[in-house]
Structure formats: C-alpha cells, structure tokens
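Me: I'm new to this one. Could you go through a few labels with me and say where they come from?

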Amino acid sequence: LPSRRRPGHSSARPPGAMNEEYDVCVCGTGLKECILSGLLSVHGKKVLHLDRNNYYGGQCASLNITNLWQKFRPGTEPPKELGANRDWNIDLIPKFIMASGDLVKILLKTKVSRYLEWKCCEGTYVYQFQEAGFFSDAKYIHKVPASAQDGLKSPLMGMLEKPRFINFAKFIMDWEDDKPQTHQGINPRGHTMKQVYDKFGLQEATIDFIGHAVALQINDDYLDKACGPTIEKCKLYLNSVMTYGGSPFIYPIYGLGGLPEGFSRLSAIHQGTYMLNKPVDGFVYDEAGRVCGVKSHDENGKEEVAKCKMVICDPSYAGEAKSQLQGKIIRSICLLAEPIPHTKNKDGGPALSCQIILPQKQLKRKNDIYVMMVSHAHSIAPKGMYVAIVSTVVETSTPEKELEPAYKLLGKVLDRFVDISDIRIPVDDGTKDGIYTTATYDPTSHFEDASLEVLKMWKTITGEDLDLTDLPGEEEVDGRQAAVVVAARSVRRSEASPPEPQPPAHDTARPRTAVRRL
C-alpha cells in the first residue's frame with residue numbers, strides 16, 4: 001500500500017523527498033524511534049522517518065483483525081463472527097504504562113498526551129498456589145495489595161507478616177535518595193536487596209510478590225545486587241498506585257499503537273517527513289566509516305539515497321553486526337469471549353483489564369511469565385471480547401509448552417497467535433559510526449526500561465539530559481492532557497460502562513489513524 005500521512009502531516013511523500021539531505025534518518029516506527037524522532041524534530045532537526053511496513057508502530061503496532069490474520073496466517077481470512085476491522089486494535093507487544101513513570105513525563109513534556117485518553121488497569125495479580133482448605137478451594141492467583149487496607153486483607157501474607165510488610169512499604173515511601181536520614185542505615189550501593197528484606201524480617205512468599213509484582217523484576221538475580229535500583233522501582237510502583245488509586249498502570253484507549261502514532265504526529269507538525277511501506281536497502285558510509293545516507297528504491301526499482309548525518313533505527317534495520325543476540329521471547333496473543341476467571345474490579349465484578357505475574361520460583365523457572373488482559377472497555381475489541389497476551393523469555397526447545405501454566409489461568413481461548421522473536425541489544429552507543437540502534441522490547445509488563453533507554457540515547461545524541469522536571473500544569477493543558485496530570489476522566493468512569501468510542505478511520509486495507517479524538 002502507498003504510504004500516507006496522518007491528519008496534520010504536511011504531505012504523504014513529497015516528490016524527491018528521498019534524494020534530499022536530512023539531519024537524521026529514522027528507520028522503523030516503533031515507540032522508541034518515534035519518541036526520538038519527535039523530540040529531534042521539536043529541537044529543529046530535519047528528520048526523515050521510514051518504515052518498511054504499511055502501518056505505524058513496528059513491534060509496538062496495534063493491528064486490526066485482518067492485519068492480525070495477514071501477519072500470522074497469510075492468505076487466510078478471519079472468521080466473520082469476529083466482527084469488523086474497526087472494532088479491533090490488537091497490540092503486538094503487551095505493555096501497561098506506569099502512571100508516575102518516565103513515559104508519562106515524556107508524554108506531558110511533549111504534549112503528545114493531548115492525542116490520547118486513558119483507563120486504569122483494574123488490578124495486578126500474582127501467581128502463588130495455595131492448597132484447598134476445609135472451607136475454601138485451591139487458589140492460584142491473588143490480587144497484589146494496592147493500599148495498607150489491601151495489605152491487611154491480603155491472603156498473600158499471614159497475620160504476623162502483615163505489620164512487617166506495612167513497615168517495609170512505609171520505609172519505601174519515606175525513602176529519598178538525597179536524604180540519608182530516610183535510609184534507616186541502608187546503603188543503596190553497598191547493601192543487597194536480600195539484606196533489606198532481612199532487615200524487615202520478610203518471609204520468602206512476601207519477598208516473592210514484592211520483587212516480582214511490585215518491583216517488577218523478571219527474575220531473582222536482583223536479590224544479590226545493590227538495593228538502590230530495586231528500592232526506586234518499588235517507590236515508583238507505590239507512587240503510581242497513589243496517582244489514581246487502586247492501580248499503578250494506565251492504558252490508552254484504542255491500544256498502544258496510539259503512542260508511536262502520537263509522537264509521529266509531533267514530528268510531522270514540526271516538518272518531519274514520513275514514508276510508510278518504504279524499504280530500506282542499506283546505509284551509505286563516508287571514507288571515515290560514518291554513516292552519510294540511507295538507501296532505498298522507488299516503485300520502479302530505481303535506487304534512491306537520502307543523505308543524513310546520523311541514523312536511528314531498531315536492530316532489524318541495522319544488521320546483525322550492530323546488535324548482540326541475548327535470547328528469545330515468546331508472546332502469545334489469545335482471543336477470549338470472557339474475562340480471565342477469578343479477576344475482579346474494585347466493585348467485585350469481572351475485571352475488564354488486569355495483569356497476572358507468574359514468578360519464576362513458583363514455576364521452577366529462571367524467568368517470570370506475564371499475562372496482560374485488555375478488552376472492549378479500551379476499544380481494542382468488539383463488545384464482550386477480551387485479548388490476553390502471555391509472554392516470557394524462552395528457556396527450552398519447546399517454548400509454547402512453557403506458557404501452559406498461564407494458559408490454564410485464561411479459561412476458554414477462542415484463538416491464539418504465537419510469535420517468537422529475538423532479544424537483541426546494541427553492541428555500541430552509535431557515536432563512532434553515527435548509527436544509533438535501539439534494543440528490542442523486553443518481556444516486562446511496562447515501558448520504563450524502554451523510556452530509560454530513550455533518555456540515555458537522547459543524552460548520547462545531543463550531549464544533554466532531557467529535562468522532565470519542568471512539566472505543564474493543569475492550567476497549561478487541554479482536557480486530554482489534564483487527564484494524565486491530575487486524574488484521567490476515563491479512570492473515574494464506571495468501568496462497567498465503557499465510553500462510546502469514535503472508531504479509528506481505517507478499513508481492511510488502510511493503517512490506523514494517528515489521532516483519537518475522544
């Protein structure tokens with residue numbers, strides 16, 4: 001399909017655009033690439049942004065039902081009973097957004113949040129098997145406490161353990177890096193996290209859910225490392241819980257694909273040029289070995305070269321020599337007609353969104369398994385439909401069998417689509433050859449590591465930190481942005497009555513629009 005601009009973009013593909021000279025060529029429209037593209041455009045750089053796909057988002061795209069089938073089952077059509085394309089926006093990468101995290105700050109800083117509207121995740125659960133008793137059935141998942149009251153009622157801890165947990169939570173909330181009097185004798189660089197847990201006398205089961213469902217560590221390696229980073233992760237989680245109350249996570253209406261699209265719009269309104277469905281055939285280098293152009297070809301096969309001073313790209317464009325293989329991730333997209341059993345919203349009804357974390361120790365694995373569920377309440381599926389995505393780091397030669405403990409939690413699965421992809425990290429910071437390569441997306445359930453990577457790359461490219469302290473106040477933003485600053489309108493709505501969506505303006509042949517006017 002020919003590429004086309006989103007509303008507000010100046011033109012689809014200006015004649016001769018590939019043969020111009022740019023400050024930056026960005027290859028791939030994943031979230032990290034789009035954030036950097038938008039920021040550089042705002043700072044006056046001339047940016048050309050290319051993507052081989054006919055839709056925005058790369059790995060972070062949200063696909064309609066036809067595009068989902070084309071990606072996983074080429075040459076076949078989805079069943080008619082699944083409904084129209086306009087009803088589906090299925091994420092390829094399962095992530096929530098931490099309400100007080102760096103990604104939200106970047107959205108506010110750039111005012112991209114004005115293009116989005118949000119809903120809270122209704123609950124985080126942790127897998128911990130408890131045998132049946134005389135008056136109770138066996139339990140596999142338990143809601144992670146989101147307040148002191150939740151902690152007192154939680155079956156994850158015994159009565160003697162609960163005061164210790166509350167003392168630990170208070171220690172985390174009082175912690176300030178630059179005030180040693182709040183550290184209670186803990187050295188964030190000298191003491192391990194295991195020593196911190198020992199200080200509060202926490203039991204193994206409590207440590208398990210704190211480490212994996214609060215600090216969101218993917219395995220237990222963190223226990224023997226300096227405690228500072230994990231304390232910061234716990235503090236971020238608790239601050240995010242307090243932002244809206246009840247959940248640390250938010251999620252955009254119409255899916256995660258709206259995030260890269262929003263930053264693409266930011267770049268375009270600052271004169272960035274976008275080309276979708278544009279192949280990248282390679283890079284051009286000068287005599288010193290620095291990149292000086294990006295090669296492509298037109299519809300007739302004629303070579304085109306866009307001259308540039310640097311390239312930002314994901315590993316699939318950079319070539320294997322620019323990234324190192326670290327393993328593989330398996331992700332399984334599951335279509336459901338009912339919510340995941342035993343997940344509840346704050347009123348006791350079935351949850352319309354949730355996260356389930358299966359800690360490695362509970363399954364005798366090396367890495368956690370994650371389940372993310374969203375639904376029609378987020379305008380990503382037709383009424384009464386749910387999408388659950390299961391993901392983990394591959395550890396065996398039979399990756400899908402590794403997901404069976406999670407599949408058992410989902411209830412009846414109508415259909416599922418499995419993808420196994422490489423985990424790749426850049427081999428250098430890009431300063432030598434001018435090619436700045438991002439890492440692939442990790443298996444965690446949030447974008448915090450991706451946001452930190454963007455901030456690090458920004459400093460490497462520009463030599464300056466991105467200031468995330470000077471954010472707009474309520475009086476400076478419109479209704480959609482104020483939803484992220486104070487309290488999202490959608491968070492306060494009845495979760496049982498999702499808003500009437502204005503559907504994305506796409507059909508079976510067109511990619512999704514960039515702006516959701518809700």
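Me: What makes the lining of the largest pocket count as 17 nonpolar, 11 polar and 12 charged residues?
Reply: It's just a sorting rule: Ala, Val, Leu, Ile, Met, Phe, Trp, Tyr, Cys and Pro go in as nonpolar, Asp, Glu, Lys and Arg as charged, and the others, Gly among them, as polar. Run over the lining, that gives 17 nonpolar, 11 polar and 12 charged residues. Keep in mind that this is a predicted model, where local features need pLDDT of at least 70, side-chain atom pairs count only at pLDDT 80 or more, and totals for chains, interfaces and linings use all residues. Residues are numbered from 1 along each chain as its sequence is written, and side-chain values use heavy atoms, with hydrogens and water left out.

Me: Why is the pair of F96 and F249 called tilted?
Reply: Rings of Phe, Tyr and Trp (its six-membered ring) pair if their centres lie within 6.5 Å; planes under 30 degrees apart are stacked, over 60 edge-to-face, and the rest tilted. F96 and F249 sit 5.7 Å centre to centre with 35° between the planes, hence tilted.

Me: And why are Y441 and F447 edge-to-face?
Reply: Their centres are 6.4 Å apart and their planes at 80°, so that label fits.

Me: How do you know that F96 is buried?
Reply: Buried means under 20% relative accessible area, exposed over 50%, partly exposed in between (1.4 Å probe, protein chains only). F96 has 0% relative accessibility, so it counts as buried. F249 is also at 0%, and therefore buried.

Me: What makes R416 lie over the face of Y407?
Reply: The rule wants NZ of Lys or CZ of Arg within 6 Å of the ring centre and within 35 degrees of the ring normal. R416 is placed over the Y407 face, 4.0 Å from the ring centre.
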